[in-house]
Amino acid sequence: MFGKGDFIVYGSTGVCEVKDVTTLDMKEVSKDRLYYILRPVREKESKIFAPVDGNKTVLRAVLTREEAESLIDDIPAIEELWISSDKLREEKYKETIRSCECRDWIRIIKTLYLRGQERQAQGKRATAMDEKYLRLAKDNLYSELSLALDIPKEEMEGFIADRIHETELCR
């Protein structure tokens, strides 16, 4: 169970702060069921009421600093997702985004980066679907890493590139 002040990943909403753990005073809601009151980091004015014992939506702790650094160091070894069929590719992207796992988001980012390079070499632009899932994966990953590493989200892509470059130089 998470406590007040903890940061968690809550499904497609992304990183949220636990503002409280309490029962709800509503007619249709059981008085003995506990709920997290969450504030999404991206939407500071929003509130989400999530049952503590719920299992429909992924709810997990945000990475620690050590886990985040280790994940970034592992990026070169994380495999891409290669799917030739456009229809199957979009289904896999959706499933991978919904997993709420950083490694899966990295797989999408790497895949779409390489796919974009390939399309660019052919004189083609990225598809709207590719742009959508690349944006979602980056937003989710960078939001979580930003919090774990205390680095502004806008600087995360550069930080990751620099760290990977430094790691490769040391090998």
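Here's a walk through one pair of packed helices and two pairs of aromatic rings. Keep in mind as you look that this is a predicted model.

Let's start with the helices. Two packed helices are described by the angle between their axes and the distance between the axes. Find helix α1, residues 65-74, and helix α5, residues 156-170. They pack at an angle of about 65°, and their axes are 9 Å apart. Angles of 65 to 115 degrees count as roughly perpendicular, and α1 and α5 are therefore roughly perpendicular to each other. If you look at how one passes the other, you'll see that the crossing of α1 with α5 is right-handed.

Which residues of α1 and α5 meet? On the α1 side, look for E69, I72 and D73. On the α5 side, they meet F159, I160, R163, I164 and T167. Sort this contact by class and you get a mix: four nonpolar residues, one polar and three charged.

Now for the rings. The model has two aromatic pairs. One of them is F2 with Y36: the ring centres are 5.9 Å apart and the planes sit at 55°, so this pair is tilted. To find it, go to the segment before β1 (7-10) for F2, and to strand β3 (residues 35-40) for Y36. These two residues are 34 apart in the chain, and their pair links distant parts of it. Are F2 and Y36 buried or exposed? Both are buried.

The other pair is Y93 with Y133. Here the ring centres are 5.5 Å apart and the planes are at 50°, so this pair is tilted too. Y93 belongs to helix α2 and Y133 to helix α4 (residues 128-149), so the pair ties together parts that are 40 residues apart in sequence.

Stay with Y93 for a moment. You'll find this residue in α2, which covers residues 86-98. Buried means under 20% relative accessible area. Y93 has 0%, so Y93 is buried. Its ring partner Y133 has 2%, so Y133 is buried as well.

What is Y93 in contact with, leaving aside its neighbours within four places in sequence? The list is L81, I108, T111, L112, R115, M129, D130 and, of course, Y133. You can also try a hop from Y93 to L134: they are 41 residues apart in sequence, and from C-alpha to C-alpha they are 9.4 Å apart in space.

Note on methods
Residues numbered from 1 in each chain as written. Predicted model: local features only at pLDDT ≥ 70, side-chain atom pairs only at ≥ 80, totals over all residues. Heavy atoms only, no water. Axes fitted to C-alpha atoms, helices over the stretch in contact; angles between N-to-C directions. Helix = DSSP H or I, 4+ residues; strand = E, 2+ residues; numbered from the N terminus. Parallel < 35°, antiparallel > 145°, perpendicular 65-115°, else oblique. Left-handed = near helix turned anticlockwise from the far one by under 90°. Contact = heavy atoms within 4.5 Å. Nonpolar A, V, L, I, M, F, W, Y, C, P; charged D, E, K, R; others polar. Buried < 20%, exposed > 50% of the residue type's maximum accessible area, 1.4 Å probe, protein only. Phe/Tyr/Trp six-rings, centres within 6.5 Å; stacked < 30°, edge-to-face > 60°.
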